[in-house]
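Open the model in your viewer and switch to a cartoon view. The tour moves from strand to strand.

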Amino acid sequence: MGAVVPAKQERSGLMVEARHVSTMPARQGTRIEICEVGPRDGFQIEKSFIPTGRKIEIVNGLIDAGLRKVQVTSFVSPRAVPQLADAAEVLAGVKRRPGTVLTALVPNARGAERAAETQLDVMGVFCSASETHSRKNVNASIDETLARFPAVVEIASAAGKRVQGDVATAFGCPFEGDVAPEQVVRIARFYRDLGIVDLNLGDTTGMATPTNVSALLAALRAAVPEMTVTLHFHNTRGVGLANVMVGLAEGVTRYDSSIGGLGGCPFAAGASGNICTEDLVYLLQESGYETGIDLDQLIDVARLTQTSLGRELPGQVMKAGPRLTRHGVDDVATAAG
């Protein structure tokens, strides 16, 4: 799931770009695409409302730091997620740079109609691979959820927007345990048949491991090789970046992450933060990959976010700095002889 050769094809009345997937590892020097999801996945669980102007400032800071793709918000019901009730206002305040791609989650046709009126580029539809989590998350079964998406695709197509297909609990469910790869494959095939070629695999409660990441990617390579995968890991159990290394070895070049390590699902037990954007950028750059992101600027945005929320965030690199950060000899006490 990595290097691709684009080819145009038409499905369900939509012109889409098919991608023939390579199984080669992502090599050093390869450009890795990072989608920043903090303004959506991170902010959605904050209990105190973050002022709209501050949200816009953070998003624009992320873009200025070099992030080309940002998941800005979600067009869910304001009653369900009050923190994101200002979705349209935030998008209106975002200042694009060349190549900027703005995304948002869109659960149904009503949300798609709202999103279609904004400068959004990509609408993300989402379905859980777990029946129990699906009912907790959107109060609908998997089949009922999928039935909503043809209308979303139609609205997006008419508005000139792309659609990405997200699968929540792709690596495990806190209510049901292991999720069989076949359950994810079923949803991926449904997306593909709607003309969707971008597939996002969500590790909703940090249940991904190197073993089940490899197994799921192998199943998807066999079933839907024309789809391009993004990996969305959480660091709930401390192995988020280890899973990224597995993804790179499998050829995946697209990852979601969250500024400062913010994140978590409000409808799933134990869903702590996403992998941290600064930590991911540091890992990739130190491993020889290209990101196009200024790490120092990104750290500044992480600190702004931390100050805005009034609490310490779990990101490590914003605390320690890059490994070659120099300190004055007088900054540290000298041990007693």
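Here are the stops, with what to select at each.

This is a predicted model, in which local features need pLDDT of at least 70, side-chain atom pairs count only at pLDDT 80 or more, and totals for chains, interfaces and linings use all residues. Residues are numbered from 1 along each chain as its sequence is written, and side-chain values use heavy atoms, without hydrogens and water.

**The barrel.** Start with the strands (DSSP runs of E, at least two residues, numbered from the N terminus; helices are runs of H or I, at least four residues). Eight of them close into a barrel, in the order β3-β4-β5-β6-β7-β8-β9-β10, with parallel pairing. Two strands pair if DSSP finds at least two bridges between them.

**Strand β8.** Select residues 198–202. Five of the five residues here are buried (under 20% relative accessible area, 1.4 Å probe, protein chains only), so β8 is largely enclosed by the rest of the structure. Asp 198, Asn 200 and Gly 202 point one way, Leu 199 and Leu 201 the other.

**Towards β7.** Add residues 162–168: four bridges join strand β7 to β8. Gly 165 stands opposite Leu 199. Asp 166 stands opposite Asn 200. Now trace the chain from β7 through helix α8 (residues 181–193) to β8, a right-handed β-α-β crossover. Right-handed means that, with the strands pointing away from the viewer, the path from the first strand over the helix to the second runs clockwise.

**Towards β9.** Select residues 228–232; five bridges pair β9 with β8. Find Thr 228, the bridge partner of Asp 198. Helix α9 (residues 210–223) completes another right-handed unit with β8 and β9.

Conventions:
Buried < 20%, exposed > 50% of the residue type's maximum accessible area, 1.4 Å probe, protein only.
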